[in-house]
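Visitor: I'd like a hand reading a protein model with a ligand in it. Could you walk me through it?

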Amino acid sequence: MRAEDWDGMATVRRAGVAGAGTMGSGIAIVLARAGLETVVREVSPERLAEGRRRIEGFFDGGIRRGKLTPEQKDEALDRVDWVTGLGDLADCEVVVEAIWENLDAKKALFGELNDVCFPETIFVSNTSTLSVTAMAAGSDRPDRVVGMHFCNPAPLMKLVELSRALQTSDETFARATAFGEQLGKVVVSTKDTPGFVVNRFLIPFENDCIRALEAGLGTVEEIDKAVKLGLGYPMGTFELLDVVGLDIHYEVSTSLFRELHERRFAPPPLVMKMIEAGYLGRKSGRGFYRYEGQAVFGA
Ligand SMILES: NC(=O)c1ccc[n+]([C@@H]2O[C@H](COP(=O)([O-])OP(=O)(O)OC[C@H]3O[C@@H](n4cnc5c(N)ncnc54)[C@H](O)[C@@H]3O)[C@@H](O)[C@H]2O)c1
């Protein structure tokens with residue numbers, strides 16, 4: 001797409017994802033399945049290959065479970081460009097960042113993207129806890145930055161939380177809302193505040209479950225059963241923590257505790273012990289449960 005071809009609020013045709021870890025891979029799947037030309041950017045060929053394996057593994061799992069056909073997998077993957085250069089994101093109408101949860105890294109990325117992308121391109125952050133307003137301030141296009149928090153696993157979860165930085169323009173917010181809907185998601189608008197809505201509830205609850213485990217109230221399996229069958233949650237807390245990753249849970253909890261000063265956000269000691277042991281969840285083959293191979297999306 002060229003700047004002169006820009007047609008305002010129309011549907012997005014080409015979108016980029018920076019970072020192909022747990023979330024970036026999931027978001028890339030969502031974009032490709034929604035029919036968009038999708039550019040996946042990682043920092044090295046090795047990480048890119050890892051992301052690609054994860055994405056292909058998700059589609060293969062879907063085929064095994066009868067949710068999609070091999071042809072649908074091929075069609076979706078044909079729409080994906082795999083890149084390591086930042087310049088390859090130049091002609092995207094939207095770029096979603098799903099890189100490390102680090103404000104300086106995200107600000108630096110948006111600053112660099114500002115130099116290569118069209119002025120009309122909007123920059124979307126998938127941050128769980130960081131200030132979208134601070135990211136916008138470092139981007140040189142603050143009115144075209146917006147927070148869009150996909151829930152994990154992104155290909156399966158319906159909700160995205162859209163949060164506007166203080167600087168986000170009405171037009172950008174409207175375009176981001178339309179983009180979320182184009183992806184088949186339900187969009188809720190939240191304030192740019194630590195944890196938005198979902199993690200404001202979820203993180204303390206998860207920490208309560210971990211503390212219950214530490215105190216011997218039940219086993220991992222028993223607590224998960226109670227959460228699913230007694231509270232009606234679709235996944236047990238420990239199943240979900242294994243999908244999210246214990247390292248990510250630690251970062252998100254610590255960041256929310258630092259911002260909000262409420263004890264329930266602080267990660268319980270077991271979280272760090274598991275990280276020290278390498279029990280990160282599905283991505284390392286063992287978390288609260290054991291997995292065969294390194295599955296991320298539940299394949
Ligand atoms: N894991 C979750 O459950 C979850 C849920 C919602 C949102 N988030 C947010 O999504 C973001 C990513 O989290 P994750 O769990 O996928 O992390 P992750 O560690 O699995 O993946 C991050 C990836 O970003 C890559 N990366 C780093 N700098 C980059 C750059 N400049 N350009 C391109 N790639 C780069 C890394 O190589 C890595 O592969 C974070 O902001 C996190 O808070 C995570």
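Guide: We'll take the ligand site, then a helix pair, then two backbone oddities.

Guide: This is a predicted model, where local features need pLDDT of at least 70, side-chain atom pairs count only at pLDDT 80 or more, and totals for chains, interfaces and linings use all residues. Residues are numbered from 1 along each chain as its sequence is written, and side-chain values use heavy atoms, with hydrogens and water left out.

Visitor: How many residues surround the ligand, and which are the closest?

Guide: A residue is near a molecule if one of its heavy atoms lies within 4 Å of it. Here 23 residues surround the ligand, and the closest are Met-23, Glu-42, Arg-47, Glu-101 and Lys-106. They divide into 10 nonpolar, 8 polar and 5 charged. For those classes, Ala, Val, Leu, Ile, Met, Phe, Trp, Tyr, Cys and Pro count as nonpolar, Asp, Glu, Lys and Arg as charged, and the others, Gly among them, as polar.

Visitor: Which polar atoms lie by a nitrogen atom of the ligand?

Guide: A polar contact is a pair of N or O atoms within 3.5 Å. A backbone N or O atom of Gly-19 sits 3.3 Å from a ligand nitrogen, and a polar side-chain atom of Trp-100 is 3.5 Å from a nitrogen of the ligand. On the oxygen side, a polar backbone atom of Ile-99 lies 3.5 Å from a ligand oxygen. Taken alone, the ligand exposes 840 Å², and the protein buries 91% of that; such areas come from the Shrake-Rupley method with a 1.4 Å probe.

Visitor: How do I read a helix pair?

Guide: Two packed helices are described by the angle between their axes and the distance between the axes. The axes of α9 (residues 237-244) and α10 (residues 246-260) come within 6 Å and cross at roughly 95°. That makes α9 roughly perpendicular to α10 (65 to 115 degrees counts as such). Leu-241, Asp-242 and Val-244 of α9 meet Leu-246, Ile-248 and His-249 of α10, where contact means heavy atoms within 4.5 Å.

Visitor: And the backbone oddities?

Guide: Most residues other than glycine have a negative phi, and most peptide bonds are trans. Asp-140 has a positive phi of about 65°, and it is found in the loop between α5 (132-137) and β6. A cis peptide bond joins Asn-152 and Pro-153, with omega about 0°.

Definitions and conventions. Polar contact = N/O pair within 3.5 Å; in protein donor to acceptor, adjacent residues only side chain to side chain. Axes fitted to C-alpha atoms, helices over the stretch in contact; angles between N-to-C directions. Helix = DSSP H or I, 4+ residues; strand = E, 2+ residues; numbered from the N terminus. Parallel < 35°, antiparallel > 145°, perpendicular 65-115°, else oblique.
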